[in-house]
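User: I should like to learn how to read the interior of a protein model. Could you guide me through this case?

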Amino acid sequence: MSDNRKNLGDIPTEEFRRVGYEIINRIADYLENIEHFPVLSQNRPGDLKKALPQSAPKQGEDFSEILADVEKLIFPAVTHWNHPNFHGLFSTSASAVGIFADMFASAFDMKAMLWRTAPASTELEQVTLEWLRQMLNLPPDFSGIIYDTASVSSLHAIAMARQKAAPQIREEGMNAQPRLKIYCSEQAHSSIEKAVILLGLGRKSLVKIPTDDQFRIQTDELQKAIVQDRNQGFLPFCVVATIGTTSTASVDNVEEIARICGRENCFLHVDAAYAGSAAIIPELQHHFKGWEMADTIVINPHKWLFTPFDLSILYVKDMPLLKQTFSLVPEYLKTSEGDVSEEVVNQMDYGIQLGRRFRSLKLWFAMRYFGQEGMINRIRENCRLAKLFANWIEESPNFQLLAPVHFALVCFRAWREGLSQDELNSINEKIMDKINASGKAYISHTKLNGNLALRLSVGSLRTEERHLKKVWELLNHYLSEELQASA
Ligand SMILES: *Cc1c(COP(=O)(O)O)cnc(C)c1O
């Protein structure tokens with residue numbers, strides 16, 4: 001077999017089959033036994049680098065040696081996002097069918113630039129995003145496009161807003177342009193600010209509006225800021241509203257913001273990267289009131305629709321505007337399909353990338369395998385579990401909620417009468433560090449009005465009530481340990 005490696009060409013088919021079955025078996029074992037892994041990698045920084053050779057091997061190696069190193073070196077360096085007790089940041093999970101789809105996508109290795117270089121990718125994306133649009137109860141004037149992440153989706157949305165407000169920038173750059181202003185809440189995701197940096201608008205053009213006691217943008221402050229900036233000679237051109245902020249999953253009043261945008265002639269981008277998936281749940285519809293008035297909406301199926309990373313969707317009303325913003329066709333990419341059929345979309349015209357990965361396949365697999373009802377049931381169960389956990393917090397004299405629970409994220413802290421903010425922050429930080437170091441669960445934190453808040457997110461296919469009970473026991477155990485230590 002090692003002789004084959006001296007030949008040219010790829011791995012022989014026989015070996016591909018044998019190794020392929022072996023890998024599928026290994027992944028099945030992994031997913032079956034996921035709970036026995038520590039959630040956070042127990043490696044220290046640098047451990048993996050030190051264990052690897054300084055240069056690539058001169059001669060090829062047998063694949064069994066490579067797999068042995070995956071076992072010995074890679075697995076210990078993995079933080080297990082699929083673990084049912086991964087509750088930090090936003091809890092996500094890869095469905096098995098999503099894993100299968102990524103295998104096909106890699107095997108085809110299509111780059112969707114022109115329709116003719118990837119008809120399956122181009123058309124399946126349109127169909128899948130139309131199916132999802134219906135499930136999300138978005139009106140038919142939205143159509144979607146897939147990017148890798150919400151950060152990149154929002155970058156494209158804000159580029160569209162800039163194109164609409166100041167099309168001359170496409171030719172002239174940022175020199176001698178109107179001084180643009182864009183608005184979001186102080187709870188908006190950092191990707192908005194990064195987009196502003198990258199688009200050359202400058203961080204000073206981003207106005208962060210304060211939020212109310214439920215971490216929602218104060219719409220009267222937004223209105224005031226826009227008027228004030230206009231009076232000072234700026235051009236307000238875009239507002240970013242968030243449905244499901246990253247810290248607390250708070251929900252901006254999109255309906256009111258949309259009215260302001262209409263009045264003030266501003267582009268409205270809605271960041272629903274996390275919570276957007278919950279729009280498929282009938283009883284959660286009220287959180288999405290007004291989002292149909294947005295110009296663009298970003299939703300991440302890789303966060304909460306069981307597709308492996310990465311897959312972010314930008315829903316867009318004015319596709320021709322997106323095309324105006326990015327289309328640039330050099331001679332070697334000119335094709336005739338555009339002339340013969342209206343149907344033809346060349347995806348390279350709708351973003352900064354030329355080639356695109358075949359990402360829609362994993363969403364299509366997941367939608368077909370689970371069905372609309374299966375997806376609704378799974379997200380609804382995540383929300384039910386988060387509410388249940390929130391009830392335990394509310395009923396306990398030792399803990400308190402720090403934000404309303406709208407979806408499947410709980411912000412809370414351990415609390416004791418008579419302790420200062422600093423003391424409470426330090427106790428909560430220690431509890432979190434101990435839980436995370438135990439390997440049994442992973443929770444993360446945020447700061448809310450100076451208070452350290454613990455965040456527990458429920459978003460995995462594999463999380464059950466017993467997993468939350470385990471976290472609840474860990475929290476109570478480490479809290480009493482801390483209180484004893486400080487007594
Ligand atoms: C997670 C998140 C993002 C960033 O997502 P990426 O896909 O990792 O870029 C942006 N906005 C919100 C509200 C998020 O929750």
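Analyst: Let us begin with the interior. In this predicted model, the largest nonpolar core has 95 residues. Trp 291, Phe 389, Phe 407 and Leu 475 are those with the most contacts inside this core.

User: Which helix gives the most to this core?

Analyst: Helix α15, residues 360–395, does so, with 15 residues. Domain 2 (100–366) and domain 3 (372–486) both contribute residues, so the core lies between them.

User: Which residues does Phe 389 touch?

Analyst: Leaving aside residues up to four places away in sequence, Phe 389 touches Val 410, Phe 412, Leu 456, Leu 468, Val 471, Trp 472 and Leu 475. Apart from this core lies another, of 35 residues, which includes Ala 157, Ala 161, Ala 188 and Phe 326.

User: How should I read the packing of helices α7 and α13?

Analyst: One reads the approach of the axes and the angle between them, and then the residues in contact. The axes of α7 (residues 150–165) and α13 (residues 319–326) come within 9 Å and cross at roughly 90°. Angles of 65 to 115 degrees count as roughly perpendicular, so α7 is roughly perpendicular to α13.

User: Which residues of α7 and α13 meet?

Analyst: From α7, His 156, Ala 159, Met 160, Gln 163 and Lys 164 meet Leu 321, Leu 322, Gln 324, Thr 325 and Phe 326 of α13. Of the residues in this contact, five are nonpolar, four polar and one charged.

User: What is the domain division of the protein?

Analyst: The protein is divided into domain 1 (3–32 + 41–78), domain 2 (100–366) and domain 3 (372–486). Between the C-alpha centres of domain 1 and domain 2 the distance is 38 Å.

Note on methods:
Residues numbered from 1 in each chain as written. Predicted model: local features only at pLDDT ≥ 70, side-chain atom pairs only at ≥ 80, totals over all residues. Heavy atoms only, no water. Core = buried A, V, L, I, M, F, W, Y, C linked by side-chain atoms within 4.5 Å. Buried < 20%, exposed > 50% of the residue type's maximum accessible area, 1.4 Å probe, protein only. Helix = DSSP H or I, 4+ residues; strand = E, 2+ residues; numbered from the N terminus. Domains from an automatic or database assignment. Contact = heavy atoms within 4.5 Å. Axes fitted to C-alpha atoms, helices over the stretch in contact; angles between N-to-C directions. Parallel < 35°, antiparallel > 145°, perpendicular 65-115°, else oblique. Nonpolar A, V, L, I, M, F, W, Y, C, P; charged D, E, K, R; others polar.
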